[in-house]
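Visitor: Please show me the structure, and let us then examine the grounds for each term applied to it.

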Amino acid sequence: MTTARQTTEAQESLAEQLKRGEDELRRIRSDFMAIAGDVRILAQKETELARAELMEQVDHVKRGAILGGVALVASALALIFLFVTVMLVLNTFMPLWLAAVFTTLIIAGAAIFTGSLAMQQFKRFSLKPARTLASVREDVEWARNQMRSSAT
């Protein structure tokens, strides 16, 4: 009779263990689904961040291109005035050439100034979304920690 009783107790204990195992499995599944949902939302946010960062980089390129265009036009004008100045200096030694020299220097100065601004804008440009990559690294670490804590 002891053996039958032990068998019944063992079956009840096994049933309890199975019940606890099923409950634990449901909890783990629920935790995993919550983490998966969080990771999906996080991935969407990271995509939005990458898009915003890329648009910021495009703005730098636009500004650099505009300033570079201005520098190009100013440089062309400076070159024209330089040639006019040389022509006037060679043609006559009247005070008119001095005005042409000053005009050339002013336009050349504007070309140098806008060209340096354009270079500053181009130096800011990067195809690598650094902030997004750093954020993704943090998110991956967070997800790993979540999976580890759910496993324990």
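Guide: The following exchange takes up the terms in turn and sets computed values against their cut-offs.

Visitor: What kind of model is this, and how confident is the predictor in the protein chain?

Guide: This is a predicted model. The protein chain has an average pLDDT of 81, and 86% of the residues score at least 70. By element, the mean is highest in H2, at 83, and lowest in H3, at 78.

Visitor: What makes up the secondary structure of the protein chain?

Guide: The protein chain contains three helices and zero strands. Read from the N terminus, the order is α-α-α. Helix H1 covers residues 2-91, helix H2 covers residues 96-124, and helix H3 covers residues 130-151.

Visitor: How much of the protein chain counts as buried, and how much area is exposed?

Guide: Of its 152 residues, 15% count as buried. The exposed area is about 11,600 Å², of which carbon and sulfur atoms supply 68%.

Visitor: Why is Thr85 called buried?

Guide: The cut-off for buried is under 20% relative accessible area. Thr85 has a relative accessibility of 6%, and therefore counts as buried. Thr85 belongs to helix H1, and its C-alpha atom is 5.3 Å from that of Ala100, although 15 residues separate the two along the chain.

Visitor: Why is Glu53 called buried, and which residues does Glu53 touch?

Guide: The relative accessible area of Glu53 is 6%, which is under 20%, so the term buried applies. Glu53 is located in helix H1. Leaving aside residues up to four places away in sequence, Glu53 touches Lys128, Pro129, Ala130, Arg131 and Thr132.

Visitor: Does the same reasoning cover Thr114, or what is the value there?

Guide: Thr114 has a relative accessibility of 12%, which is under 20%, so Thr114 counts as buried. Thr114 sits in helix H2 and touches Leu67, Val70 and Ala71, again not counting residues up to four places away in sequence.

Visitor: What makes the approach of the Thr114 side chain to the backbone oxygen of Ala110 a polar contact?

Guide: The separation is 2.9 Å. A polar contact requires N or O atoms within 3.5 Å, and the pair therefore meets that distance cut-off.

Visitor: How do you know that Asp23 and Arg26 form a salt bridge?

Guide: The N to O distance between their side chains is 2.9 Å. The cut-off is 4 Å between a side-chain nitrogen of Lys or Arg and a carboxyl oxygen of Asp or Glu, so the pair qualifies. In general, side chains of opposite charge can pair when their charged atoms come close. Asp23 and Arg26 are three residues apart in helix H1, and so are separated by about one helical turn.

Visitor: Why is Arg26 called exposed, and Asp23 partly exposed?

Guide: Exposed means over 50%, and Arg26, at 51%, therefore counts as exposed. Asp23, at 36%, falls between 20% and 50% and is therefore partly exposed.

Visitor: What makes Arg27 and Asp31 a salt bridge, and where do they lie?

Guide: Their closest N and O atoms are 2.9 Å apart, a distance within 4 Å, so the term applies. Both residues lie in helix H1, four residues apart, about one turn of the helix. Arg27 is partly exposed at 34% relative accessibility, as is Asp31 at 24%.

Visitor: Why is the pair of Arg131 and Glu56 said to tie parts of the chain together?

Guide: The closest N and O atoms of Arg131 and Glu56 are 3.1 Å apart, which satisfies the salt-bridge cut-off of 4 Å. Arg131 lies in helix H3 and Glu56 in helix H1, so the bridge ties together parts that are 75 residues apart in sequence. Arg131, at 48%, counts as partly exposed, and Glu56 does so at 33%. Elsewhere, Lys19, Asp23 and Arg26 are joined into one network by salt bridges that share partners.

Visitor: How many salt bridges does the structure hold?

Guide: The structure holds seven salt bridges.

Visitor: Which residues form a nonpolar patch on the surface?

Guide: Val73, Leu77, Ile80, Val84 and Met87 form the patch, with about 430 Å² of accessible area together. One of these residues, Ile80, is found in helix H1.

How values were computed:
Residues are numbered from 1 along each chain as its sequence is written. This is a predicted model: local features need pLDDT of at least 70, side-chain atom pairs count only at pLDDT 80 or more; totals for chains, interfaces and linings use all residues. Side-chain values use heavy atoms; hydrogens and water are left out. Helices (H or I, at least four residues) and strands (E, at least two) are DSSP runs, numbered from the N terminus. Buried means under 20% relative accessible area, exposed over 50%, partly exposed in between (1.4 Å probe, protein chains only). Accessible areas come from the Shrake-Rupley method with a 1.4 Å probe; for residues, only the protein chains shown count as cover. Patches are made of residues with over 30% relative accessible area and no salt bridge: like charges are joined within 9 Å, nonpolar side chains (Val, Leu, Ile, Met, Phe, Trp, Tyr) within 5 Å. Contact means heavy atoms within 4.5 Å. A polar contact is a pair of N or O atoms within 3.5 Å; within protein, one must be able to donate a hydrogen and the other to accept it, and residues adjacent in sequence count only if both atoms are side-chain atoms. pLDDT is the predictor's confidence in each residue, from 0 to 100.
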